[in-house]
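Q: I'd like a close look at one spot in this model and at what surrounds the story there. Could you start with a strand and then work through the helix packing and the backbone oddities?

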Amino acid sequence: MVNARLHPRTIEAVKERADIVDVVGEHVVLKKKGREFVGICPFHDDSKPSMTVSPAKQFYYCFSCGAGGNSIKFLMEFQRQSFSDVVLDLARRYQLPIETVDGPQQERLRQQLSRRDKLQRALALAAGWFRSQLLAPTGAEALKYLSDARGLSPATQESFQLGYAPDEWDGLLKHLQQVEGLAPELLEAAGLVVPRKGGNGFYDRFRHRVMVPIHDRQGRVIGFGGRSLDGSEPKYLNSPETEVFEKGKHLFGLDKASNAIRKDDRAVVVEGYFDVIALHAAGITNAVASLGTALSSQQITQLCRVSDSKRIVLNFDADGAGVRAANRAIGEVEQLAMQGQLELRVLHLPSGKDPDEYLKQNGAGDYRALLDQAPLWLDWQIEQVLEARDLSRADQFQQAVTALVGLLGKLPQSAVRTHYLQRVAERLSGGQGRLALQLEDDLRQQVKGQRWHGRSSRHEQPGESGQRERCEADLLRLYLHCPRHRATIRQELRTRELEDFAIPHHRHLWAAITDLEETNLGEGRLEAISRCDDDGEGLDVMDLPRLLTDQLLLESSALVSRLTPLLEPGELQLVALAEPLEQLRGIAALLERQKSLKRCRHLLEAWGGQRLQTLEACIAVLIDQDASSDESNVDMELRIQALFDDLNRDALRYQELYYTERKHIGHLDQQRCASYTVAVDSPAAETSGDAVPPAA
């Protein structure tokens, strides 16, 4: 952005227009508390809401770290931008006039800001032309599809501005170029036309498709979704990301659903355009869709802004892709959900139907009833674990227990965890009361000492975070640039339980890679490859760096700077890829070792917190129980040992788990020494696992 000398009138206009709740609420989930709002402070490692936002004072303040100020100060700190850049961004957002002290500089700024206006005008004109084509004789087939196959009334079609792209190569191009006088280069920037391969002209991106305009919250057209009418692929073709359209920042239908979400105090998120349209036509107007991507944290924040109780219901398809999308969305917000910052539920309709199909067969009343009964996200995940397994088989029972321990381990030590431990134990026991009590105790012990417990920063030593980031980056670089070994890398990650990347932008990149590969290979194959049930043929032919550059890096400049070293490695990084399998084993062993060290610290903490019963105390208990016992010394020794083991069961278990983990770390060190050495362990990492254990 040009470094402009802004006129004081512009600064004052921005201060008056930029509401503190709107600005902070775009980046932090805020919950109403009396006349103010509270949320998790983004300026320090916050675990509970310590930031207060006051609409009356137009001021925010964190009682933990002391951060505070107005809307402009918040964005300067949060986005690391200058005062001028923040004011200009806010002025553009609220469509305020920009005045500068310097005349020529003001003209350059106006040119930059007017480009977005030109793109939005081109998109609005395109939407109008598509609409006119639907109502013309050429759109008869599309109109019949919308009216008969979809059952949409003319009023609903008009409300959503549904249209038709004729089966012509340049119908839209000619209209916008000859009638409206728009340059083809501008239409390309708006995502409406595509350059010909030879560089000789352009052609329409959308042809013989029902057109669904996508609007931003202000109701401006920012893109399109096109539904094929002749079975050609892809079934749905979406606008590419442009200067005005970023998929991860917008929700289809939010411009029409905001008021209904606020009134109902609940948002319903579905997968498809026509699911939203069908729900709105049925009177369920608090529905939005996630534009074909996994629900992002930015989209969730937008929904939370228009719902006081922060209530969200995910109604994705019941197929494998829908389940994975629901789990990814849960992963974005589960920490907020566990802290009570929002209420997240998941609805899967009977017989695997999508909302459009269900409404045609059952009606809006039945759908609303199912919405009201939708289970909480954790209840839904528990059911997903149990419903696919035969608990009468020992192997599947153990798989279910392992998965459930992983879920319950995310919960904080509270009455909520106890509630879920009891429920899960009852389900696993099949209604047998005595077995349920025993299972509950076993589950509680496993949750306390589970492998992944202790991921929090309090079990992390200085230097480990940076080491983990470097190792994850090396793994991703291997995957991107050593395509022959992608199947092996996925199998190694699954075997070592390293598929959940800890660094947010690494997790974002891995999700994008997985989406691309699932689309290319077909549903279910990646899971089979990870389980070694598939040889991974086809993984190596995808040019992931190019595809990701085209589809992912337009999301934000910050993401570009972080991911470019992975997508475009330098010479030294390419040299390091010469022995990929050796490097893979070294990196994976190092990451697993780091997690084992954290678990050792957790086990030491748990072990040290146990109050041990001495042998003398055990003898005293036995004497009190049977003062007249005439058993032999051998019998008494056995009884003392049995009582000692029973009274100190938890401490002995933590002791056993600790030494087992230390043995595992030694095994990992052997792996690292036997393979390629990829990083030098930090002193903290080397010494932290060797703490002196408490005496047992």
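A: Let's start with Val-269, which sits in strand β12, residues 267-270. Keep in mind that this is a predicted model. Is Val-269 buried or exposed? Its relative accessible area is 0%, and buried means under 20%, so Val-269 counts as buried. Now look for Leu-314: the two residues are 45 apart along the chain, yet 4.9 Å separates the C-alpha atom of Val-269 from that of Leu-314.

There's a similar pairing in a helix. Leu-386 belongs to helix α16, and with a relative accessible area of 6% it is buried too. Its partner here is Ala-400, 14 residues away along the chain, with 6.4 Å between the two C-alpha atoms.

That brings us to α16 itself, and to the helices that pack with it. Two packed helices are described by the angle between their axes and the distance between the axes. Take α17 to begin with: α16 covers residues 377-387 and α17 covers residues 394-408, and the pair packs at an angle of about 165° with the axes 9 Å apart. Anything over 145 degrees counts as roughly antiparallel, so that is the label for α16 and α17. The crossing of α16 with α17 is right-handed.

Next up is α13, residues 320-338, which packs with α16 at about 140°, with 10 Å between the axes. Why is this pair called oblique? An angle of about 140° is not over 145 and is outside the 65 to 115 range, so α13 ends up oblique to α16. As for handedness, α13 and α16 make a left-handed crossing.

The other packing partner to look at is α18, residues 415-429: here the angle with α16 is about 25° and the axes are 12 Å apart. Angles under 35 degrees count as roughly parallel, so α16 and α18 get that description. Their crossing is right-handed.

Now for buried faces in two other helices. An α-helix has 3.6 residues a turn, so residues three or four places apart point the same way. In α8, residues 171-179, the buried residues are Gly-171, Leu-172, Leu-173 and Leu-176. Helix α4, residues 83-93, has Ser-84, Asp-85, Val-86, Val-87, Leu-88, Leu-90 and Ala-91 buried.

Both of those helices are followed by a positive phi. Just past α8, Gly-181 has a phi of about 70°, and just past α4, Gln-95 has one of about 55°. Most residues other than glycine have a negative phi, and most peptide bonds are trans. With that in mind, Gln-161 is worth a look: its phi is positive, near 55°, though it isn't a glycine. You'll find Gln-161 in the loop from α7 (154-159) to β6 (163-165). At 32% relative accessibility, Gln-161 is partly exposed. Cys-532 is another non-glycine with a positive phi, this time about 70°, and it lies in the loop between α23 (525-530) and α24 (544-551).

And where is the cis peptide bond? It runs from Glu-233 to Pro-234, with omega near 0°. Pro-234 falls in the loop between β10 (221-228) and β11 (236-238).

Last stop, the empty space inside. The model has three cavities of 30 Å³ or more, and the largest has a volume of about 70 Å³. Its lining is made of Arg-468, Glu-472, Leu-475, Leu-498, Asp-500, Phe-501, Ala-502, Leu-591 and Lys-595. By class, that comes to five nonpolar and four charged residues, with no polar ones. Two helices, α20 (464-481) and α27 (580-608), each put at least two residues into this lining. Of the contributors, α20 gives the most, with three residues.

How values were computed. Residues numbered from 1 in each chain as written. Predicted model: local features only at pLDDT ≥ 70, side-chain atom pairs only at ≥ 80, totals over all residues. Heavy atoms only, no water. 1 Å grid on protein atoms, 1.4 Å probe; cavity = no way out; pocket = protein on both sides within 12 Å on 5 of 7 lines; lining within 4 Å. Points joined across faces, edges and corners; volume = space filled by probe spheres on them. Helix = DSSP H or I, 4+ residues; strand = E, 2+ residues; numbered from the N terminus. Nonpolar A, V, L, I, M, F, W, Y, C, P; charged D, E, K, R; others polar. Buried < 20%, exposed > 50% of the residue type's maximum accessible area, 1.4 Å probe, protein only. Axes fitted to C-alpha atoms, helices over the stretch in contact; angles between N-to-C directions. Left-handed = near helix turned anticlockwise from the far one by under 90°.
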